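Thanks, everyone. I have one structure for you this morning, so let's put it on the screen.

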Amino acid sequence: MKGKALVIRLVVLAVVLAVAAAMMVIGRGHSIYLDNKTLEGYEGQDYKAYERIVITVDGEEVAKLGKRERGMATCMGQTFKMSLEITEQKGDEPRIEEVTVALPYNVDGIIINLPAYLAGLPEEAWFSEFVPMVQEEPADEEPLPGEVSDFPMDGTEGMDEGLGDI
């Protein structure tokens, strides 16, 4: 009886661990920032931004990017599929490209430089991690004891002016 109970417990534990591992990979959410910015000086060459890129994900248009613009999309899972309608220069006919990007597991905010990606450059050229800037709020500075302040703290200054004899 003890052996059967131990086997059942181990099987249940294995199933729970398998479901947890699958949910960790499948259910992972990513914020993807798509840049249409010129990549300058990569291996001595510039990769120019496109005139316009229209980005469609799952049949929904998520961004229209001009030069030097950034759009954003969200994705669940480890692959990101998008359709790009690319106009290289003013007056050109747009071309459509279907793109699938494998996303790293350990990064939540991902920046993809589209001109570098579409040029076929290695990941180090088109991929970077989005790190939000933390803005510190200025602290209300109170004068320390003994410091001079614009406002008197004892309540006597200015009280006797203009009152005359009461």
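I'll go through the fold, the two sheets, two backbone oddities and the pocket.

First, a caveat. This is a predicted model. Keep that in mind throughout.

Now the overall fold. The chain has 166 residues, and 28% of them count as buried. Its secondary structure comes to three helices and 10 strands. What is the order along the sequence? It reads α-β-β-β-β-β-β-β-β-β-α-α-β. Next, contacts. Take those between residues at least 6 apart in sequence: 57% of them join residues at least 24 apart.

On to the sheets. As general background, strands in a sheet pair through backbone hydrogen bonds, and the pairing is either parallel or antiparallel.

Start with the antiparallel sheet. It is open, it has four strands, and the order is β5-β4-β7-β8. Which strands sit at the edges? They are β5, residues 60-65, and β8, residues 95-102. Each of these pairs on one side only. From one strand to the next, the twist averages 25 degrees.

Let's walk across it. Strand β4 covers residues 52-57, and five bridges tie it to β5, antiparallel. In that pairing, Thr 56 has Glu 61 of β5 as its bridge partner. On to strand β7, residues 79-87: β4 makes five bridges to it, again antiparallel. There, Arg 52 stands opposite Thr 87. Then comes β7 to β8, with eight bridges, also antiparallel. Look at Lys 81 here; it stands opposite Thr 100 in β8.

Now the other sheet. This one is open too, with four strands in the order β6-β1-β9-β10, but its pairing is mixed. The edges are β6, residues 69-76, and β10, residues 127-129, each pairing on one side only. Here the twist averages 25 degrees between one strand and the next.

I'd point you to β1 and β9. Strand β1 spans residues 29-36 and β9 spans 109-113; they run parallel, joined by five bridges. One pair to find on screen: Ile 32, whose bridge partner in β9 is Ile 110.

Next, backbone oddities. I have two, both with positive phi.

The first is Asp 58. Its phi is near 55 degrees, a positive value, and the residue is not a glycine. Where is it? Asp 58 sits in the loop between β4 and β5. Is Asp 58 buried or exposed? Its relative accessibility is 77%, so it counts as exposed.

The second is Arg 68. Phi is about 60 degrees, positive again, and this residue is not a glycine either. Arg 68 lies in the loop between β5 and β6. Its relative accessible area is 66%, and the exposed class begins over 50%, so Arg 68 is exposed.

Arg 68 also takes us to the last topic, as one of the residues lining the largest pocket. How much space lies in that pocket? About 210 Å³. Its lining includes a run you can pick out quickly: Tyr 47, Lys 48, Ala 49, Tyr 50 and Glu 51. Thr 38, Lys 67, Glu 88, Gln 89, Pro 115 and Ala 119 also belong to the lining. By class, that lining has five nonpolar, two polar and five charged residues.

To recap: two open four-stranded sheets, one antiparallel and one mixed. Two loop residues with positive phi, Asp 58 and Arg 68. And a largest pocket of about 210 Å³. Over to you for questions.

Terms used. Residues numbered from 1 in each chain as written. Predicted model: local features only at pLDDT ≥ 70, side-chain atom pairs only at ≥ 80, totals over all residues. Heavy atoms only, no water. 1 Å grid on protein atoms, 1.4 Å probe; cavity = no way out; pocket = protein on both sides within 12 Å on 5 of 7 lines; lining within 4 Å. Points joined across faces, edges and corners; volume = space filled by probe spheres on them. Nonpolar A, V, L, I, M, F, W, Y, C, P; charged D, E, K, R; others polar. Pairing = 2+ DSSP bridges. Axes fitted to C-alpha atoms, helices over the stretch in contact; angles between N-to-C directions. Buried < 20%, exposed > 50% of the residue type's maximum accessible area, 1.4 Å probe, protein only. Contact = heavy atoms within 4.5 Å.
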